[in-house]
Amino acid sequence: MAASALALAACNGGGNPPGTDPTSASASASESASVTPTPTPSAAYKPADAKGKAQNVPVPVLPEAAKTETKEGLEAFADYWFKLLDYAYETGDISGLGAVTSPACELCSNITTSLSTNYEGDRWLAGGKLVTPSITTTFTPESDGSYQVLVQVQQAAISYFAPGGSQFRSPTPPSDTGNVLLVEFKDRGWYLSGLHPIR
């Protein structure tokens, strides 16, 4: 982010002394400057590559809309959940997912276990960017009170690197899948209880 320009405020000290050129008054005037602090520039984001891990990856933030038990809130939460998953692929940090995902979600556990394994021993992933072009729900509760959300998920190819830049397994090709999420609203927040690919 570009730093904002410094705002300088100059004050003239009350009129020109005798014998001075009014046009050069600003040069001889006493000046006081007040400096508006500039925000500390955040460290630049750098995606992972064969040379090393991703750096300064922005942590997903739960949007305000996702805090409400509404259709819009449910769709916003589904988008947020996949942003957390994308963050986990880039960093190996699965803690955000764990906070909003039930341990009973078998596929979710498989994904996070695999990610943890692939990041062991200072290894890392490159690629794997996730996007969700389509998120829809009828917002009709199931008999257990959960809601279904249909999500199209596209993921870029993934490369797997060990220290030194060698690949420790074959790359995963890009994918484009449909998924059914089972989500419930409890304790004033959304919680993922199930994730099922559409075969």
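A residue counts as buried here when its relative accessible area is under 20%. Keep that cut-off in mind for the long look at α2 below. The model itself is predicted.

Let's start with the overall layout. The protein has four helices and seven strands. Reading from the N terminus, you meet the helices and then the strands, in the order α-α-α-α-β-β-β-β-β-β-β. Of the 199 residues in the protein, 32% are buried. If you take the contacts between residues at least 6 apart in sequence, 57% of them join residues at least 24 apart. As for the outside, the accessible surface comes to about 11900 Å², and carbon and sulfur atoms account for 56% of that.

Now to α2, which covers residues 71–91. This helix has 21 residues and reaches 30 Å from its first C-alpha to its last, close to the 30 Å expected at 1.5 Å a residue. Is it enclosed or open to the outside? Of its 21 residues, 16 are buried, so α2 is largely enclosed by the rest of the structure. Right after the helix comes Gly92, with a positive phi near 85 degrees.

Just past that glycine is Asp93, in the loop between α2 and α3. Asp93 has a relative accessible area of 33%, which makes it partly exposed. Setting aside neighbours within four places in sequence, Asp93 is in contact with Tyr87 and Ala88. You can also pair Asp93 with Tyr119: the two are 26 residues apart in sequence, and their C-alpha atoms are 9.2 Å apart in space.

Next, the pockets. The largest pocket has a volume of about 470 Å³. Its lining is made of 22 residues, and those nearest the centre are Leu85, Tyr89, Ile111, Gln155 and Ser175. Which elements give two or more residues to this lining? They are the helices α2 and α4 (106–118), along with the strands β3 (147–155), β4 (158–161), β5 (167–172), β6 (175–186) and β7 (189–197). The largest share, five residues, comes from α4. By residue type, the lining divides into 14 nonpolar, seven polar and one charged.

The second largest pocket has a volume of about 210 Å³. It is lined by 14 residues, with Lys83, Asp86, Tyr87, Lys129 and Leu130 closest to its centre. Two elements, α2 and β2 (130–136), give two or more residues to this lining. Here the largest share is from α2, at six residues. The lining splits into eight nonpolar residues, one polar and five charged. Tyr87, one of the residues closest to the centre of this pocket, is also one of the contacts of Asp93.

Let's move on to the strands and pick out Leu192, which sits in β7. Is Leu192 buried or exposed? Its relative accessible area is 0%, so it is buried. Not counting residues up to four places away in sequence, Leu192 touches Phe77, Trp81, Val100, Thr101, Ser102, Cys108, Leu181, Leu182 and Val183. One of those partners, Ser102, is 90 residues away in sequence, yet the two C-alpha atoms are 6.0 Å apart in space.

Back in the helices, have a look at Asn118 in α4. With a relative accessible area of 8%, Asn118 is buried. Beyond its neighbours within four places in sequence, Asn118 is in contact with Arg123, Trp124, Leu125, Tyr160, Phe168 and Arg169.

A little further along is Asp122, in the loop between α4 and β1 (124–127). What is worth checking there is the backbone: phi of Asp122 is near 65 degrees, a positive value in a residue other than glycine. Phe139 has a positive phi too, of about 55 degrees, although it is not a glycine. You'll find Phe139 in the loop between β2 and β3. At 22% relative accessibility, Phe139 counts as partly exposed.

Terms used:
Residues are numbered from 1 along each chain as its sequence is written. This is a predicted model: local features need pLDDT of at least 70, side-chain atom pairs count only at pLDDT 80 or more; totals for chains, interfaces and linings use all residues. Side-chain values use heavy atoms; hydrogens and water are left out. On a 1 Å grid over the protein atoms alone, a cavity is a set of points where a 1.4 Å probe fits but cannot get out, and a pocket is an open set with protein on both sides within 12 Å along at least five of seven lines; lining residues have an atom within 4 Å of a point. Grid points are joined across faces, edges and corners, and a volume is the space filled by probe spheres set on the points. Ala, Val, Leu, Ile, Met, Phe, Trp, Tyr, Cys and Pro count as nonpolar, Asp, Glu, Lys and Arg as charged, and the others, Gly among them, as polar. Buried means under 20% relative accessible area, exposed over 50%, partly exposed in between (1.4 Å probe, protein chains only). Contact means heavy atoms within 4.5 Å. Accessible areas come from the Shrake-Rupley method with a 1.4 Å probe; for residues, only the protein chains shown count as cover. The expected span of a helix is 1.5 Å times one less than its number of residues.
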